[in-house]
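This report describes a model, reading its side-chain pairs, its sheet and its nonpolar cores in turn. The model is predicted rather than determined by experiment.

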Amino acid sequence: LSTSSSDHGGDGEWRRWLVILVGALVTGGLLFLALVVAIDPYSSGHFTPFTSVDITTFNRLYVNAGRVRDPRFDAAIFGTSTSILIDPAPISQLTGHRFVLLSIEGAYPSEHHYLIDRFDRLHRDKPAILVVVLDDLWCMPKLVNTGPIIPRWLYEGLLPDYLQKILSHEAAKASLLRVMIRLGIADEAQRPDGYAGLAWIENPMRKQAMLALSRRTDDTSPDAPFPALDDLGHHLRTVASNTVVLLVFAPVYRK
């Protein structure tokens, strides 16, 4: 059997259209990636002409990449959910320093170490205040670390990791909101200083879980080691000499 020349011509046309389609998709994807990188949806400060910090999402793990470097702040609060309801605004008014809340719910001490170190390195040009809100996680006899939850690729801005991971549906929405914020037609998703009010604790399931807690009748022996606190002590010796450090043990609800 022989194949007609018209069949060969048809195959060639399909291959040409397939090459054009794939080329258009690849080109469009690269242009979209370049656009998202240039907009810098989470205000990380990497690979972008923008120097300002805009809050474009409720995800603290992402927007804290901008907050931790924001030059408007010279003081920071670190901690878990025990500190998430601290409002930085009145503290700023009373002290004359601009406080930012960098707390992250459920984060282990290693994550706070990372944020403390990054804030210290980015604000060493002026006197700063670090407030570390301690809780039970700092007083365990063994170090507990379930692995990093803070996206280091976003904070450190290593180009290969950054380009590989920055594209997402959330980044696309955040990019659009940032453009709208820059144009003056939209407001930021949260307050720049990190305070979000009581919204998270008003969840009925969370309230019920808190009310069901029982008072603890035992605790870690005072003679036990506290490696997380020891590490914190070593770490704080490395911060800038003009930095003031405050350690606060916040009360925890017990029925």
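Arginine 152 and glutamate 111 form a salt bridge in this predicted model, with their closest N and O atoms 3.0 Å apart. Since arginine 152 belongs to helix 5 (residues 152-156) and glutamate 111 to helix 4 (residues 109-122), the pair ties together parts that are 41 residues apart in sequence. The two partners differ in their surroundings, for glutamate 111 counts as buried at 3% relative accessibility, whereas arginine 152 is partly exposed, with a relative accessible area of 27%.

A second link between these helices involves glutamate 156, which forms a salt bridge with arginine 121, the closest N and O atoms being 3.7 Å apart. Here too distant parts of the chain are joined, glutamate 156 lying in helix 5 and arginine 121 in helix 4, 35 residues apart. Arginine 121 also meets aspartate 117 in a salt bridge, at 3.0 Å from N to O; both of these residues lie in helix 4, four residues apart, about one turn of the helix. Arginine 121 is partly exposed at 41% relative accessibility, as is aspartate 117 at 27%, and glutamate 156 is likewise partly exposed, with a relative accessible area of 31%.

The three pairs are set out below.

| Salt bridge | Closest N to O distance |
|---|---|
| Arginine 152 and glutamate 111 | 3.0 Å |
| Arginine 121 and aspartate 117 | 3.0 Å |
| Glutamate 156 and arginine 121 | 3.7 Å |

The count of salt bridges comes to 10, and Asp40, Asp54, Arg178 and Arg182 are linked in a network of such bridges. In general, side chains of opposite charge can pair when their charged atoms come close.

Turning to the sheet, four strands form an open arrangement in the order 2-1-3-4, with parallel pairing. Strand 2 (99-101) and strand 4 (243-249) stand at the edges, and because each has a single partner strand, one side of each is left without a neighbour in the sheet. Neighbouring strands are turned by 20° against each other on average, with direction ignored. Within the sheet, strand 1 (residues 75-78) and strand 3 (residues 128-134) pair in the parallel sense over four bridges, and alanine 76 stands opposite leucine 130 in strand 3. Helix 3 (residues 88-95) packs on the sheet, where it touches strand 1 and strand 2, and its direction makes about 160° with that of strand 2.

The largest nonpolar core has 34 residues, and those with the most contacts inside it are Phe78, Leu102, Phe119, Tyr155 and Ile166. At least two residues of this core come from each of helix 1 (5-39), strand 1, helix 4, strand 3, helix 5, helix 7 (169-183) and helix 9 (227-236). Leaving aside neighbours within four places in sequence, tyrosine 155 is in contact with ten residues' worth of surroundings that include His46, Arg60, Leu61, Tyr114, Leu115, Arg118 and Ile150. Apart from the largest core lies another, of eight residues, among them Leu101, Val131, Val133 and Ala250. In soluble globular proteins, nonpolar side chains tend to be buried together.

Key: Residues numbered from 1 in each chain as written. Predicted model: local features only at pLDDT ≥ 70, side-chain atom pairs only at ≥ 80, totals over all residues. Heavy atoms only, no water. Pairing = 2+ DSSP bridges. Axes fitted to C-alpha atoms, helices over the stretch in contact; angles between N-to-C directions. Contact = heavy atoms within 4.5 Å. Salt bridge = Lys/Arg side-chain N within 4 Å of Asp/Glu carboxyl O. Buried < 20%, exposed > 50% of the residue type's maximum accessible area, 1.4 Å probe, protein only. Core = buried A, V, L, I, M, F, W, Y, C linked by side-chain atoms within 4.5 Å.
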